[in-house]
Amino acid sequence: MRIKAYFGAVIYYLKTMRNLTRTVSAFCLILILFSCRKYFPIPHPAPTGVFTLSPSHGPDSTLVTIGGITLGANDSVYFNGKLAQLISANDTQLVAMVPTLAGSGPVTVVANGKTLKPGTFTYDTTYRVTTLADSLEVPYYLTVDPMGTVYTSTYNNLSITSISQQGAVGTYSTVKGAMGIEYDTTSGDFYLVNWSGGGPFIQRLHQSGVVETITRDSFAMAIAVDRDGNVYTGNDAHSSVDKITPAGVITRIGSDFHHPSGIAVAGDGTIYVAHYTSNAYTNLDGRISRITPGGQISIIANINYNGQNGLVIGPDNNVYATVFDQVWANGWVSRITPDGTLTRLTSENLPFPCGIAMDKDGVIYVAEQVDAPGLTKGRVVKLVAH
């Protein structure tokens, strides 16, 4: 028994010493690491950051990849202040969808309590084209009132047609021979170029239905009106832009606006006109010119021209024009900035476009004279930005 007890004590002692050795060894290791911490610092998680943005421009619903570190599914991405839908996320990248009408501006990422900006995104506005009214009798020029009702001169039935936002078509006036038409937001009346009865006459169609003839002006087509009630139209006989006062006094501006059609006037009195640059009337000879209030004339853009193009000035102070390529019977709408930059807004074909108008919300309306060569029916389409 004594021998067994002796061996048990020895084994216990050895085990105790082994545990003690382990404890001492671990303690020594801790002391070594602690003393060497300034030489071997303990690593910390990398700070959140974003470094790349691709692509940096595009239209609505573009998928943009943002590269960085310490990112995740709980992060938020904003384009020009608009919250984007997060498509996917991991530690090194986020994929976000550009919101509708986000506009150009900074991209912001909110991640782990930090607000980060990987760059700027340039928003490319595009337009959806839908038919507002079809089977119209050759619509030429058009205008829109503050309620969104569109009015177009229809050549074949010689009347002014009204079109509601729901597409309901009616006869607003039985005035015969209207071509250019413009709604005057100041008075609520319409100004017309009327080719019937020995015209063209410059007329004012009052809300009461009374038609007032201001003057007769040779070979006028489109029409615009400024805030003082002065009317502007192109004169093909004199290759001029004519300013007509409410009293009917005509002042002719310029002499090189061959076959002028589209015309628009800005709030400061600047006039824009679409025309040929010579009597050759070739498709590539179209121009848009600007006439300052001081009378200075300059060409700001070259366009495909059909001799019946329309112009309108948007709230962004850009000019919007219908453009037509005679060779391919292909039409579209272009935006022209004040510095002359020309941007095509529509990819689909708008056959034989003429009049153009824009409402207070920036929706564009275009009159297509006919659906195809040789036909007599046209339509009015609306272009909505997205």
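These legends walk through close-up views of a predicted model.

**View 1. The open four-stranded sheet, from edge to edge.** Here four strands form an open sheet in the order 1-3-7-6, and their pairing is antiparallel. Strand 1 (49-54) and strand 6 (85-89) are the edge strands, each pairing on one side only. On average, neighbouring strands of this sheet are turned by 25° against each other, direction ignored.

**View 2. Strand 3 beside strand 7.** Zooming in on the sheet, we meet strand 3 (residues 63-69) and strand 7 (residues 93-97), an antiparallel pair held over five bridges. If you would like one pair of residues to look for, take I66, whose bridge partner in strand 7 is L94.

**View 3. T52 and its surroundings.** T52 belongs to strand 1, which is one of the edge strands of the open sheet. Is T52 buried or exposed, or something in between? Its relative accessible area is 45%, so T52 counts as partly exposed, since that class lies between the limits of 20% and 50%. Apart from neighbours within four places in sequence, T52 is in contact with T65, I66, G67 and P118. Of these, I66 is the residue with bridge partner L94 in the previous view. T52 and P118 are 66 residues apart in sequence, yet their C-alpha atoms are 6.0 Å apart in space.

**View 4. T154, a buried threonine in strand 12.** This view turns to strand 12 (residues 150-154), where T154 lies. T154 has a relative accessibility of 2% and therefore counts as buried, the cut-off being under 20%. Which side chain makes a polar contact with the side chain of T154? The partner is the side chain of T161, at 3.2 Å. Not counting residues up to four places away in sequence, T154 touches E137, V138, P139 and S159 as well as T161.

**View 5. Strand 25 between its two antiparallel partners.** Strand 25 (residues 286-291) is mostly covered, with five of its six residues buried. Six bridges link strand 25 with strand 24 (residues 271-276) in the antiparallel sense. Within that pairing, I271 stands opposite I291 of strand 25. Strand 25 is also joined by six bridges to strand 26 (residues 297-303), and these two run antiparallel. Here R287 is the residue to find, standing opposite N302 in strand 26.

**View 6. The hairpin of strand 25 and strand 26.** How many residues lie between the strands of this hairpin? There are five, and G295 takes a positive phi near 95° in this hairpin.

Notes: Residues numbered from 1 in each chain as written. Predicted model: local features only at pLDDT ≥ 70, side-chain atom pairs only at ≥ 80, totals over all residues. Heavy atoms only, no water. Buried < 20%, exposed > 50% of the residue type's maximum accessible area, 1.4 Å probe, protein only. Polar contact = N/O pair within 3.5 Å; in protein donor to acceptor, adjacent residues only side chain to side chain. Contact = heavy atoms within 4.5 Å. Pairing = 2+ DSSP bridges. Axes fitted to C-alpha atoms, helices over the stretch in contact; angles between N-to-C directions.
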